[in-house]
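Reader: I would like a close look at a single part of this model, with the surroundings of that part described as carefully as the coordinates allow. Please take me through it in one connected answer.

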Amino acid sequence: MYTLIAITGLGVLCLIAEIFNARKVIVPVAIIGLLATLAFTISEFNSPASYYNNMVVVDNFSTAFSCLFIILAIFLISMDPDFHIKQIHKISDFVGIKLFMLSGAVAMVSFGNLAMFFLGIEILSISLYVLAASNRLNLKSNEAGMKYFLMGAFASGFILFGIALIYGAIGSFDMRVIQEAGTSADVEDWFYIGAIMLSIGMLFKIAAVPFHFWAPDVYEGSPALTTATMSTLAKVTAMAASFKLVSVMNVNLPETSVFVLVTIAALSMTIGNIMALRQINVKRMLAFSGISHAGFMLMTLLAVSSTAGILLYYSAAYAFAGIAAFAVILYVTREKENEDIYNFNGLGKTNPVLAAILTASLLSMAGIPIFSGFFAKVFLFSEMLQANHLILVIIAVINSIISVGYYFKLILAMYTKDATEPTQPVPFAYGAVAIVAIILNIAIGIMPTSILDLLA
């Protein structure tokens, strides 16, 4: 609860700083404030669960994911001044929106009531709608913002209708009451319809097949830093919230839901990877890659009693690799008209450090040792085998092999082709974020139990 208050207070402080024309201190103050909030949040770990009128529940699950979200927000806010150099007079808006979005993300994993859950998801979603369309002079950004708004509003409608039906069946928004009522045999049929509609809305937010069609266009059209935010913070937040919802409602759902979930996970992995093979735009390629990773993360919902630590580990590995990759992408494409692969030609010669970081990030996403992405998939596959989902594991392994194809397309461009333009100095924020993020990715790969045991 105090984490939520601190983050919201920081957002308000950024807006107040703009009134006094103190733009230069906004980003440093936001980062220092987030670091202090991170330290406080870590101190709450392993404390007895706290219930604030059952609206907000602070336990190890919410604390662990809140820490991950805060770290990602620090990375994203650090890159704001360099990315928005032409809109530096609006820096308070960009930082403030990201902080309010972070408060929504924390609410989505700390809710004890469906009303708080919906409030959190709308705060996060509205922030992303604004950021997607923030480059108002760019037609693609306007298109991305409109598409994301329409699809997001459509998904929110499903979620809200589902919550209403669950309330009609149970008579409460409280998650503990819903869980207790779900164990009885005489649950109203409205509950199942509501759960289905809620699941459809969340699958939109995660961008899982067949509700993925908005993601490639929105990722490509949005400003690159907003795409990085959607691909990392927004995606893992939606996945963590879905995991918490399923862990409560899993006792009520019929066996057919398992088959549906297996099908969606398999289709997300397969369609995401196959479509990514055809892309020449890096942001669009990573959009389809994100759809594929959503399929991997959905596998954790098949065994919610034992996969919370694996979901946290997979989310961290994927998000750190994504942040490192986007830091390099922001540098390479900052003066370019697009983010096509040819812009990366010769990066291995002109800037070997950034090329190595991008290569490491892509290899982690592909699941290559020694990176944490490899261990995340190993732990996930092992758990799925214990849950008797052999066919799904085989499909996942095949898709991991397929993903190497399009990741190496970008790697080969960096190391086998000649650069077309002279090298430019690397902004400090981009370089620092890329280095720290990939170090964190490798570190949790070397010491996986440091993350896995948090939610064991």
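Author: Helices here are DSSP runs of H or I with at least four residues, numbered from the N terminus, and the model to which they belong is a predicted one. The part I have chosen is threonine 307, which is found in the loop between α13 (282–298) and α14 (308–333). Because buried means under 20% relative accessible area, threonine 307, with a relative accessible area of 0%, counts as buried. A polar atom of its side chain lies 2.8 Å from the backbone oxygen of alanine 303. Leaving aside residues up to four places away in sequence, threonine 307 touches Phe243, Thr300, Glu383 and Met384.

Turning to one of the helices that border this loop, α13 is mostly covered, since 16 of its 17 residues are buried. The 17 residues of α13 should span 24 Å at 1.5 Å a residue, and the end C-alpha atoms of α13 are indeed 24 Å apart, so the two values agree. At the N-terminal end, α13 is capped by asparagine 281, a side-chain oxygen of which lies 3.0 Å from the backbone nitrogen of lysine 283.

The surface offers another feature to set beside this buried residue: Leu385, Leu390, Ile391, Ile394 and Ile398 make a nonpolar patch of about 470 Å². Helix α18 (residues 390–416) gives the largest share of that nonpolar patch, namely four residues, and leucine 390 is found in helix α18.

Notes:
Residues are numbered from 1 along each chain as its sequence is written. This is a predicted model: local features need pLDDT of at least 70, side-chain atom pairs count only at pLDDT 80 or more; totals for chains, interfaces and linings use all residues. Side-chain values use heavy atoms; hydrogens and water are left out. Helices (H or I, at least four residues) and strands (E, at least two) are DSSP runs, numbered from the N terminus. Buried means under 20% relative accessible area, exposed over 50%, partly exposed in between (1.4 Å probe, protein chains only). A polar contact is a pair of N or O atoms within 3.5 Å; within protein, one must be able to donate a hydrogen and the other to accept it, and residues adjacent in sequence count only if both atoms are side-chain atoms. Contact means heavy atoms within 4.5 Å. The expected span of a helix is 1.5 Å times one less than its number of residues. Patches are made of residues with over 30% relative accessible area and no salt bridge: like charges are joined within 9 Å, nonpolar side chains (Val, Leu, Ile, Met, Phe, Trp, Tyr) within 5 Å. Accessible areas come from the Shrake-Rupley method with a 1.4 Å probe; for residues, only the protein chains shown count as cover. A salt bridge is a side-chain nitrogen of Lys or Arg within 4 Å of a carboxyl oxygen of Asp or Glu.
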